[in-house]
Amino acid sequence: MALRVAILTISDAGSRGERADTSGDAIAAWAAERRYTLAERTLVADETAAIASVLVTWADSDRADLILTTGGTGLTARDVTPEATRAVLDKEAPGIAEALRMAAYPRFPRAALSRGTAGVRARTLIVNLPGSPGGVRDGLAVLDALVEHGVELVRGGRMDH
Amino acid sequence: MALRVAILTISDAGSRGERADTSGDAIAAWAAERRYTLAERTLVADETAAIASVLVTWADSDRADLILTTGGTGLTARDVTPEATRAVLDKEAPGIAEALRMAAYPRFPRAALSRGTAGVRARTLIVNLPGSPGGVRDGLAVLDALVEHGVELVRGGRMDH
Amino acid sequence: MALRVAILTISDAGSRGERADTSGDAIAAWAAERRYTLAERTLVADETAAIASVLVTWADSDRADLILTTGGTGLTARDVTPEATRAVLDKEAPGIAEALRMAAYPRFPRAALSRGTAGVRARTLIVNLPGSPGGVRDGLAVLDALVEHGVELVRGGRMDH
């Protein structure tokens with residue numbers, strides 16, 4: 001399946017050029033291995049308006065089938081990715097976020113602290129991944145088993161109209 | 001325990017007479033095996049107002065101890081069952097929906113895409129099951145271990161007043 | 001790590017002096033074993049305003065790093081702890097509540113009926129535990145693996161400002 005994937009990295013340090021986007025690179029490598037198209041990739045600071053704006057622009061112009069965010073899902077005051085994402089979703093899919101946490105939990109209990117969400121806006125599936133490269137890797141392994149079917153539902157359902 | 005069970009099937013194709021209600025039948029058979037009373041059973045299209053209206057009517061007139069819905073929990077544009085249900089719940093019980101997804105997930109990762117919810121309205125416990133017969137069967141196996149106790153709490157708690 | 005822990009027991013029967021606070025005692029013993037400070041401890045009835053008021057007072061005056069509640073997370077009409085907690089959270093951390101339920105679920109399926117939540121207000125992490133001593137014990141075992149890191153994030157994140 002020829003998914004168009006967009007990557008949004010959310011990182012204050014990254015936006016100041018103080019940290020390489022290793023997690024975004026891991027998502028791009030995952031997409032390339034599956035021959036998915038990298039439709040968009042950018043990096044913003046941990047700011048609600050900036051995050052929401054990118055998600056809305058990409059989803060509403062149908063630039064990608066799947067937007068993966070990385071970063072901003074934790075418990076610090078600057079972590080606002082789940083709220084910014086939820087604010088722009090048409091419908092939330094809490095089970096995707098539950099699966100991401102629960103798959104990592106047995107080996108890495110701190111995964112339960114991740115507050116990420118997932119869902120649909122327009123014809124795009126959006127999933128928040130954690131910020132750490134390890135969390136991204138674990139999350140992508142979970143998505144491998146369900147994300148193509150998820151995108152089919154999101155796009156097929158709309159095409160039924 | 002003599003539960004009164006009501007079944008609400010949510011299906012556009014079913015409402016047009018284009019598809020047999022196999023999932024509703026599976027719930028009815030499950031109830032019969034346990035000698036639960038089938039209090040109500042109907043089928044509506046994937047329309048928020050229609051779904052909410054049936055749930056409110058059944059719960060507020062105390063027609064059933066347990067309402068099980070099937071269908072409309074997916075990611076397509078027509079899937080609105082979770083939102084319609086949440087809109088009429090007095091209190092949400094997210095753990096029931098989590099258990100339904102997570103019990104199926106190891107064998108069937110796509111279960112994580114189901115967006116169903118559960119909770120209480122008036123003195124009735126309401127649970128969204130998936131639309132597929134397999135998803136219903138897996139869900140009913142989960143409910144076997146907790147639904148009678150759940151109904152006792154919902155009804156006992158109210159009778160304390 | 002020298003956590004300051006506050007315990008809020010929510011119980012109608014306890015507030016009338018009709019039941020000993022065994023669950024609150026279990027939390028206090030857990031804290032003492034870890035050499036955490038018991039910063040506050042009180043008991044209120046299952047009333048939304050009373051619960052919210054205690055949480056706000058303790059969090060906004062920075063009396064504790066971690067507030068653990070016990071009670072009021074079930075399905076009866078009097079169970080309002082999750083709603084009262086959610087109303088005062090700055091950000092919700094659903095994964096903590098999921099982990100509490102899912103860790104207990106295999107041995108005790110009724111854990112799925114618990115409606116507790118968790119999250120952050122100001123610089124305090126708040127977690128709803130179930131009301132039963134067994135539920136509290138299971139929940140504290142889950143928290144052992146993640147709560148110190150959670151508090152570090154909550155407080156460290158704020159100190160970054």
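Two residues are in contact here when heavy atoms lie within 4.5 Å. Keep that in mind as you walk through this predicted model, where local features need pLDDT of at least 70, side-chain atom pairs count only at pLDDT 80 or more, and totals for chains, interfaces and linings use all residues. Residues are numbered from 1 along each chain as its sequence is written, chains are lettered from A in the order in which they are written, and side-chain values use heavy atoms, with hydrogens and water left out.

**Stop one: chain A by itself**

Select chain A and show it as a cartoon. You will find 7 helices and 6 strands; these are DSSP runs (helices H or I, at least four residues; strands E, at least two), numbered from the N terminus. Follow the chain along its sequence and the order is β-α-α-β-α-β-α-β-α-β-β-α-α. Turn the C-alpha trace about: along its principal axes it spans about 45 × 35 × 30 Å. Of the 161 residues in chain A, 57% are buried, meaning under 20% relative accessible area with a 1.4 Å probe, protein chains only.

**Stop two: where chain A meets chain B**

Now add chain B. Here 21 residues of chain A are in contact with 16 residues of chain B. Together the two chains bury about 1,600 Å², 68% of it on carbon and sulfur atoms; buried area is the accessible area (1.4 Å probe) that two parts lose on being put together, summed over both.

Zoom in on A:Glu98 and B:Arg101, which form a salt bridge with their closest N and O atoms 2.7 Å apart. The term asks for a side-chain nitrogen of Lys or Arg within 4 Å of a carboxyl oxygen of Asp or Glu. To see where chain A's side comes from, colour strand 4 (91-92), helix 5 (94-104) and helix 7 (147-159) of chain A: each supplies at least two residues of the side that touches chain B.

**Stop three: where chain C meets chain A**

Hide chain B and bring in chain C. This contact takes 21 residues from chain C and 16 residues from chain A. Which three residues supply 30% of the area that chain C buries against chain A? Select C:Lys91, C:Glu98 and C:His149, which supply more of it than any other three residues.

Stay with C:Glu98 to finish: A:Arg101 forms a salt bridge with C:Glu98, and the closest N and O atoms are 2.7 Å apart. Across this interface the rule finds 1 salt bridge.

Definitions and conventions:
Buried < 20%, exposed > 50% of the residue type's maximum accessible area, 1.4 Å probe, protein only.
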